[in-house]
Amino acid sequence: KENSLAELEKFALDNPESPVKAAIDLALRDALLGALEDAKKAQALSALDKFAEAHPTSKLVEAEIKAARTTLMKQVLANFTDNYAAKGDELVAFFEKLLKHLAEHGPRVEVRFHRIVPDSVERADTAVSRDKYFIKSMLPSQYFDDARSAEREEAIYGHLAERFSKAFNSEALSLAHGKHLASSDKIPDKPDVPTLFISHSTNMGHGIRNVKPNGTFVGVGFVFKATFVIPGEEQSLETKYSTWKPPDLLKLRKGKLTIANVYLTMAESAFSSFDERVVKWLFRN
């Protein structure tokens, strides 16, 4: 008589073994569907979440809630593909699956970095340190350690986060900087949430002798790989980038570079190029 959803829910919860439970559920479902239509008018995933949280009997319309979330995600996908996505059918197909997953499991997507330290780094340090003119600033590994790598990774993450925040409402997709992977770790085949894994390594070459300043320097080969994975999905997105950076000994001899900057400029150039590449891989200009 009162046409009150709250009263219907209270009655249903107070009488779980009622002989007219089927009739109660039918009346309750009709009332829930009406309230769901009001929630859908907000055109927001949060409104659907609040509806489900507010009504303990919302499982009676679980399929309709899921369908409403899927409809909203299709609008999110259309906005992304029309206004932000880089070109490519593979990219669109992947994000369609990604948004479908997020509609069911929540908006969190992680970016996790994997710094790989190959054996050539230790060999390079040894070769450089054996030079009779060796000084501490010549040791190449210190310019690619965890602290400096974390700064470079944070810059890449910041640019990705900026682009993702423009393309997606945080209710639909919320990017987070996930836990770092150690060099000995393997990238998980089945992450807990959709994850963009970014690995990078510094493969150091043989020593090159220099005069004024006297010492040994090495070139560095940078290898990057980005893999975007959705839990439970075989399809993933992948891009790679590699570059070789020799030490600029001419500028060093002319005093235009410090010993530290021989390596820091290598890293800046390589990481900046990959940064630009990985953003353009996912987003148009």
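Me: Which backbone nitrogen lies 3.0 Å from a polar atom of the side chain of Ser120?
Reply: Keep in mind that this is a predicted model. Ser120 sits in helix α6, which covers residues 119-129. Its contacts, leaving out residues up to four places away in sequence, are Thr202, Asn203 and Met204. The backbone nitrogen at 3.0 Å from a polar atom of the Ser120 side chain is that of Met204.

Me: How far apart in space are Ser120 and Gly205, C-alpha to C-alpha?
Reply: In sequence, 85 residues separate Ser120 and Gly205. Ser120 also touches Met204, among others. From C-alpha to C-alpha, the gap between Ser120 and Gly205 is 7.1 Å.

Me: Is Ser120 buried or exposed?
Reply: The cut-off for buried is under 20% relative accessible area. Ser120 has a relative accessibility of 8%, so Ser120 counts as buried.

Me: What about Thr195, which backbone oxygen does its side chain reach?
Reply: Thr195 belongs to strand β3, residues 195-210. Its relative accessible area is 1%, so Thr195 is buried. The side chain gets to a backbone oxygen at 2.7 Å, and that oxygen belongs to Val193.

Me: Which residues does Thr195 touch, not counting those up to four places away in sequence?
Reply: Thr195 lies in strand β3. With residues up to four places away in sequence set aside, the contacts of Thr195 are Glu110, Arg112, Thr227, Phe228 and Val229.

Me: Stepping back, what is the radius of gyration of the protein, set against the globule rule?
Reply: The protein has 9 helices and 5 strands, running α-α-α-α-α-β-α-α-β-β-β-β-α-α along the sequence. For 285 residues the globule rule gives 19 Å, and the protein is well over that, so it is more spread out than a compact globule. Along the principal axes, its C-alpha atoms fill a box of roughly 95 × 35 × 30 Å. The radius of gyration is 27 Å.

Me: How many of the contacts between residues at least 6 apart in sequence join residues at least 24 apart?
Reply: Ser120 and Gly205 give a feel for sequence separation, being 85 residues apart. Across the protein, taking contacts between residues at least 6 apart, the share joining residues at least 24 apart is 71%.

Me: And what part of the accessible surface belongs to carbon and sulfur atoms?
Reply: Of the 285 residues, 43% count as buried. The accessible surface comes to about 15900 Å², and the part belonging to carbon and sulfur atoms is 51%.

Technical notes. Residues are numbered from 1 along each chain as its sequence is written. This is a predicted model: local features need pLDDT of at least 70, side-chain atom pairs count only at pLDDT 80 or more; totals for chains, interfaces and linings use all residues. Side-chain values use heavy atoms; hydrogens and water are left out. Helices (H or I, at least four residues) and strands (E, at least two) are DSSP runs, numbered from the N terminus. Buried means under 20% relative accessible area, exposed over 50%, partly exposed in between (1.4 Å probe, protein chains only). A polar contact is a pair of N or O atoms within 3.5 Å; within protein, one must be able to donate a hydrogen and the other to accept it, and residues adjacent in sequence count only if both atoms are side-chain atoms. Contact means heavy atoms within 4.5 Å. The radius of gyration is taken over C-alpha atoms; the globule rule is 2.2 Å times the number of residues to the power 0.38. Accessible areas come from the Shrake-Rupley method with a 1.4 Å probe; for residues, only the protein chains shown count as cover.
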